[in-house]
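Here is a short report on one structure. Look over the sequence and the fold before reading on.

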Amino acid sequence: MTTSRSTAAGPPAIVATDVSRTYDLDGVSVPALRGVSLTVADGDYLAIVGASGSGKSTLMHLLGGLDRPTGGTLLIGGRDVAKLSPPEMALLRNKTIGFVFQSFHLLARTTARDNVALPLVYRGIGRRERRARAAEMLARVGLAHRMDHRPNQMSGGEQQRVAIARALVTGPSVLLADEPTGNLDTTTGQSVLALLESLNAEGVAVVLVTHDRDVAARAHRQIVMRDGLIVEDSSAPTAAAGAPAGSGPAVAAPADGVVAGAPAGGGVVAGAPAAGAPAGGVAAGGVAAGGVAVDGPAGGGGA
Ligand code: ADP
Ligand code: MG
């Protein structure tokens, strides 16, 4: 009863316990996740690898509050998502999570600056401040000179930086990136990765899905998925074996409570399609059509 913790040293950002997600596809159940337990602490830097179809995106959608588990318990910011209404979930997501996708999901006819400012619209922040914060964030990702460009006037690497700026503009404590370098050439991918790492060094937890072993090796912790399960987790005490060099939790990860330094204001999100979007298919025009579903009351778990 006397445990009144300060918010700064609150619960881990995300705690998944025996989480499952079964899709219902024309009456057939597809068990995409079959009991996954995973904690993402503030300041973590973890990579998720695994064959296509192993459940990585499904897990990312759950961790990001874009979808809900069909079994198990998922706490985001210490709150049980099963107990939240769709608007409460959207707000929690907006404050806690930033999302970056392989295919950027920027609004095509909108300038970089307005793409980045968009999540702030849903926070009730005035135009002037939105534009100022967006400019600051674009400068942060090295795009001060591209503010007024639209996506089709930018390279893939630049577009991904805009997407990262958008994900960060409201100051999330966790950045979830699903194959963020998947559409980029190696050099450009490396620079995007370096950006994610510098954000992590400032205290933002980064969870990324990748097919690239070298990319995964740079994270402080590696998780391998197979058939809807985590089959390896380098943070497990005995998992040292096949782990890539330099990995392992011991590596100066700013673990525990180092949230500070998170950029800008409140929380965030961005580019996330509203909940209920099929895990495998978020790409398509979904985001453009539905807008950067930043904060709208998302449609609840998969319909
Ligand atoms: P990964 O990202 O590792 O490639 P996914 O999480 O996208 O894997 O998919 C895991 C499994 O769930 C696959 O068998 C996939 O076909 C299935 N799946 C993903 N999304 C849906 C959906 N919306 N409806 C039905 N099955 C899905
Ligand atoms: Mg995927």
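## Helix H4 and its cover

The cover over the buried residues of helix H4 includes helix H3 (112-121) and helix H5 (156-168). Helices (H or I, at least four residues) and strands (E, at least two) are DSSP runs, numbered from the N terminus. Contact here means that two C-beta atoms, placed from the backbone, lie within 7 Å. A residue is buried if 20 or more other C-beta atoms lie within 10 Å of its own, exposed if 12 or fewer, and partly exposed in between, with C-beta atoms placed from the backbone.

This is a predicted model: local features need pLDDT of at least 70, side-chain atom pairs count only at pLDDT 80 or more, and totals for chains, interfaces and linings use all residues. Residues are numbered from 1 along each chain as its sequence is written, while chains are lettered from A and ligands numbered from 1 in the order in which they are written.

Which residues of H4 are buried? They are Arg-130, Arg-133, Ala-134, Met-137, Leu-138 and Arg-140. These residues cover an arc of only 150 degrees around the axis, so they sit on the same side of H4. The arc is taken over the directions from the helix axis to the C-beta atoms.

H4 (residues 127-140) has 14 residues, which at 1.5 Å a residue should span 20 Å; its end C-alpha atoms are 20 Å apart, in agreement. The expected span is 1.5 Å times one less than the number of residues.

## The sheet

Four strands form an open sheet, in the order S2-S1-S4-S5, with antiparallel pairing. Two strands pair if DSSP finds at least two bridges between them. Strands S2 (28-40) and S5 (79-80) are the edges, each pairing on one side only. Helix H1 (residues 56-63) packs on the sheet and touches S1 (14-25), S2 and S4. The direction of H1 makes about 120 degrees with that of S1. Such angles run from 0 to 180 degrees between N-to-C directions, with axes fitted to C-alpha atoms, for helices over the stretch in contact.

S1 and S2 pair over 10 bridges, and Tyr-23 stands opposite Val-30 in S2. S4 (residues 71-76) and S5 pair over two bridges. There, Leu-75 stands opposite Asp-80 in S5.

## Positive phi values

Most residues other than glycine have a negative phi. Some residues here have a positive one.

| Residue | Phi | Place |
|---|---|---|
| Asp-18 | near 50 degrees | strand S1 |
| Asp-26 | near 50 degrees | hairpin of S1 and S2 |
| His-105 | about 55 degrees | loop between strand S6 (97-101) and H3 |
| Gly-142 | about 80 degrees | just after H4 |

Asp-18 is partly exposed, with 14 other C-beta atoms within 10 Å. His-105 has 26 such neighbours inside 10 Å, so His-105 counts as buried.
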